Each structure stands twice: as C-alpha cells, then as structure tokens.
Amino acid sequence: MTIKPRSLVIGAATYVPGLRNLTGRRTGGTVSARYCYSVWLRHLCMLHRHGLPTTFTTVVELGPGDSLGVGLAALLTGAKRYIALDAVHYADSERNIRILEDLAALFRDRAAIPDPTEFPHLQPPLPSYAFPGEFLTSARLEAELRPARIDLIRAALANPEASSRNNGPVCYNAPWTAGMVEDATVDLVISQGVLQFVHNLPDMYNLMANWLRPGGIMSHEIAFQSIGITTEWNGQWSCSEAIWRLAAGRRRHVTNREPHSTHIALMQEAGCQVVTDERIVRDSGVRRENLAPRFRHLTDQDLVTSSALIQAVKLP
Ligand SMILES: C[S@@+](CC[C@H](N)C(=O)[O-])C[C@H]1O[C@@H](n2cnc3c(N)ncnc32)[C@H](O)[C@@H]1O
C-alpha cells in the first residue's frame, strides 16, 4: 500500500458537506508575475529551439489558475487576443492588473528568465535562462509595450466581461464550455500543469485541435505524478481503482493518472504532429509487477517519465 494515510483522511473529509471547497482554493504559481514570465518564456524558447513560430495572433490558455499572467505575457509579446478557459474561477481583476504592471517592467528590463534557483519545481528546464533577445527583439517589444497598448489591456482586465463580448484583448471563461472558442481561429493553445487533471482527455484533445488553424500549435507542460497522494512520485499507477477513489475523494483537482504515451497518442489522433517532446526522467518508485491492472500496459518510458513539455502542430 503506497497511499499516504494523510491523503486518505483528506479524501474522506471531502465527502463532508462544505469541506470539499477547502481543497484546491489556490492553484500554485500564477500569483507571481515572475512565475508567469518564466512559464511564458520557457514555452516560447522551446518553440524557437524546435523551429516553431513564436508569434501568435490568438492564444488560448487552458487552466490559468490564480491569475491570467501567462496570457498577459503573451499579449505583451505580440498576441492580439488571449482567451483563458478554466474549470474554476480563480483569477481576479486586481491581481491581474498588478501582474500586468510587473510583467511590463520585466519585459522593459529584458529580465533574465527566472531559473531553477527561484522556481526549483518549474518545468521545462532551459539550456539558457538569458533573455531571448534573438527573437524577442527590441522592435517587437517596443511596439507591444507602448503605454496605449498597456492601457487597453488594463481596461480589458478591469472589465473582462465587456472585453469578452466586444472581442477585446482578454476573454476569461471560468467555468468554460466547449462552444466558447470558434473552430479554426486559434494560433496557439498553451497549458501549464493542467492536462493531468482533465478527465475526458480524448474530447479535450479533439476540441483543442479543432480550435487551431492548420499550422497552429499546442504547447503543454504536463506532470505525471501522484502529487503527494502516494509515498512514491508515481505510486498512482500501483493503486487499485477503489483505493485511488478513496484517497482522491472529491478533491477539486485530481490527476487522471494517464501516462505520457496517452497524451502523445491523443495529440496524433486529433490530427497534430508532435515536434517537441522534452521528458523529465526519474527512477520509477514502483516496480512493474506492482502496477495496478489498468496500468500494466505502461511502456518502460512511461514508468520513468515524471513530466514532459509536448509541442505539436495542427496538420492541414
Ligand atoms: C495546478 S493548477 C495550474 C495553474 C497554472 N497553469 C499554473 O501554472 O500555476 C491546474 C489548473 O487547471 C485547471 N483545470 C483543471 N481541469 C480543467 C479543465 N478541464 N479545463 C480547464 N482548466 C482545468 C484548474 O482549475 C487549475 O486552474
């Protein structure tokens, strides 16, 4: 048995009326502008490194969490429209506006990308954390950092409902539904630490692929870990359905337990070509003979892949 006793207690507590909302009240990193800056630039640097575009007109982010900072960084580097889709409404105008100002200052200073000393758990790692001036050129940034443009984004954040209705630069839907994004209108779909929580992955990948124009890109950082529920980082794959259900309880966000190979297969089935597949590898905490029946098919590579940045292009 690899489940932490504390997880069972929390899982059981989520069935008590009122206690479920005590789980997942905050999502993690996007309360900090430096975190959002680092996430956006890491995705962008990896796109550049793999010969993919780094300029986009319309960007969709799945699961922005506590703020819209990653999308605001996209708007400050050239995107014209940012659509945020979250399962839960976490972000608020005041925090978004503060993060916008901080991000603008970071871009004006051409600040280095916050690295693992500042965010030790943030993925993907980069070979260099220097500011990527080779593609975020001064000409490109100066146009986006004009006071009039920042004012436009600030006004959209102050009144996101009006911005959404009027095709403004920011559109925040939480909770979201499938019809909120038109097919073939999006240039980039990005997510950071989200797809491990989505429960109908085949539908999700089909939706995301349909939103993209041909040649559009998906860039997803995904973790394949039990996130504290089991003693081993990948103990989720050794738990029976019944034990897992008990420990997971009705927590707001519970990993779907799908491994790396599932995501690659679903992206391809949805009509996308995988270009980047940067995996973080760790020794497996569980032995193959201890895998639960549902996970016996895991490949050797799945068993040791703790997270991955996967970037794919929508085929015509
Ligand atoms: C661990 S947080 C990550 C937040 C943020 N991306 C970050 O890097 O800090 C997971 C986020 O995914 C969102 N999420 C979970 N399932 C989702 C779904 N089906 N659609 C959209 N967002 C989802 C959660 O509400 C939460 O905001």
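**Cores and ligand shell of a predicted model**

Q: What makes F56, V70, A73, A74, T77, F107, L188 and I190 contacts of W40?
A: W40 touches these residues, with those up to four places away in sequence not counted; contact means heavy atoms within 4.5 Å. The structure is a predicted model, in which local features need pLDDT of at least 70, side-chain atom pairs count only at pLDDT 80 or more, and totals for chains, interfaces and linings use all residues. Residues are numbered from 1 along each chain as its sequence is written, and side-chain values use heavy atoms, leaving out hydrogens and water.

Q: Why is the set with W40, L103 and F107 called a nonpolar core?
A: A nonpolar core is a set of buried (under 20% relative accessible area, 1.4 Å probe, protein chains only) Ala, Val, Leu, Ile, Met, Phe, Trp, Tyr and Cys residues joined through side-chain atoms within 4.5 Å. The largest such core has 54 residues, and W40, L103 and F107 have the most contacts inside it. To this core α2 gives the most, 11 residues. A second, separate core has 37 residues, among them L195, V198, W233 and I310.

Q: What makes the approach of D86 to the ligand a polar contact?
A: A polar contact is a pair of N or O atoms within 3.5 Å. A polar side-chain atom of D86 lies 2.5 Å from a ligand oxygen atom, so this pair meets the cut-off. In the side chain of Y35, an N or O atom is 2.6 Å from an oxygen atom of the ligand. For W176, the corresponding distance to a ligand nitrogen atom is 2.9 Å.

Conventions:
Polar contact = N/O pair within 3.5 Å; in protein donor to acceptor, adjacent residues only side chain to side chain. Buried < 20%, exposed > 50% of the residue type's maximum accessible area, 1.4 Å probe, protein only. Helix = DSSP H or I, 4+ residues; strand = E, 2+ residues; numbered from the N terminus.
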